[in-house]
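Okay, everyone, thanks for squeezing me in. Let me put the model on the screen and walk you through a few spots that caught my eye.

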Amino acid sequence: PLSMQKGNTLFDLYSTPNGAQGNDVFGLASEFKIFSLSAGIELPDFAPVDIWVSGDYAKNLGYDAEEIAARVGSADLTNPLTEDQDTAYMIRAEIGSPWMLDEGEWRLYAAYKHVEADAVLDAFNDSDFLLGGTNAKGFIFGGKYVLQRDVTLAFRYIDAESIINPNNPQSFFGGSLAPLKSSAYQIEINGKF
């Protein structure tokens, strides 16, 4: 489908015969049974600012490399089975004003994110991190500043790259394609009324 993201291991369910008009149909090679855990702690002892540390962890308990290889054949995999690709995690730290209500209050954060190819369904993952999908790792930096009550300025910088370079056709220049990398800058102003 046109809405499909990238990252999950796929296999060809139906190939259009040579020369015929039509579309190939692909399916997910892995089952998805996600175990997820989130934890965080607030350290309010640094007045007038607080510090927050949080983490998220997910593991696809339905991932089975042998079952995937048996289903599609290792040569046809869109992601090489050099190691399990079933885990995702993010670690985040924040410092700043606890309430973000009054003019001049601020908050800064930094995070590291690692989402392996079949850890979660790529269709529902963050569309800004490596242009959406899974098979991505990298850093996120950002912050907010209260311009006046109910008006905030926010910024975010995302720097991500693929974890593994999927099996892909040779490029036009005779070598394999380089891993995907992406950097994004985002600025937004939010107002409540």
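So, look at the loop between E6 and E7, where Leu131 sits. This is a predicted model, by the way. Phi of Leu131 comes out near 65°, a positive value in a residue other than glycine. In the same stretch, the loop between E6 and E7, you also find Asn135, and its phi is positive too, near 60°. Most residues other than glycine have a negative phi, which is why I flag these.

Now, buried or exposed: which is Leu131, and which is Asn135? Leu131 is exposed, at a relative accessible area of 57%. Asn135 has 4% relative accessibility, and since anything under 20% is called buried, Asn135 counts as buried.

Okay, on to the core. The largest nonpolar core has ten residues: Met90, Tyr109, Ala111, Phe129, Leu130, Ala136, Ile140, Ile158, Ala160 and Ala184. At least two of these residues come from each of E6, E7 (136–148) and E8 (151–162). In soluble globular proteins, nonpolar side chains do tend to be buried together. If you click on Ile140, its contacts beyond four places in sequence include Tyr109, Ala111, Phe129 and Ile158, plus Lys113 and Arg156.

Let's swing over to E3, residues 34–43. How many of its ten residues are buried? Zero, so E3 lies largely in the open. What E3 does have is a partner: ten bridges join it to E4, residues 50–60, and the two run antiparallel. One bridge to look at pairs Ile41 with Val53 in E4. Together E3 and E4 make a hairpin, with six residues between them. Pro48 is in that loop, and the peptide bond from Ala47 to Pro48 is cis, omega near 15°.

Zooming out, the chain has one helix and nine strands, in the order β-β-β-β-α-β-β-β-β-β. Of its 193 residues, 33% count as buried. Contacts between residues 24 or more positions apart make up 59% of those with a separation of 6 or more.

Last thing, confidence. Mean pLDDT for the chain is 85, with 82% of residues at 70 or more. By element, E6 (residues 106–115) has the highest mean, 98, and E1 (residues 10–14) the lowest, 78. Over residues 168–175, pLDDT stays under 50, and the model has six contacts there beyond four places in sequence. Where pLDDT is low, the predicted coordinates should not be read in detail.

Conventions. Residues are numbered from 1 along each chain as its sequence is written. This is a predicted model: local features need pLDDT of at least 70, side-chain atom pairs count only at pLDDT 80 or more; totals for chains, interfaces and linings use all residues. Side-chain values use heavy atoms; hydrogens and water are left out. pLDDT is the predictor's confidence in each residue, from 0 to 100. Helices (H or I, at least four residues) and strands (E, at least two) are DSSP runs, numbered from the N terminus. Contact means heavy atoms within 4.5 Å. Buried means under 20% relative accessible area, exposed over 50%, partly exposed in between (1.4 Å probe, protein chains only). A nonpolar core is a set of buried Ala, Val, Leu, Ile, Met, Phe, Trp, Tyr and Cys residues joined through side-chain atoms within 4.5 Å. Two strands pair if DSSP finds at least two bridges between them.
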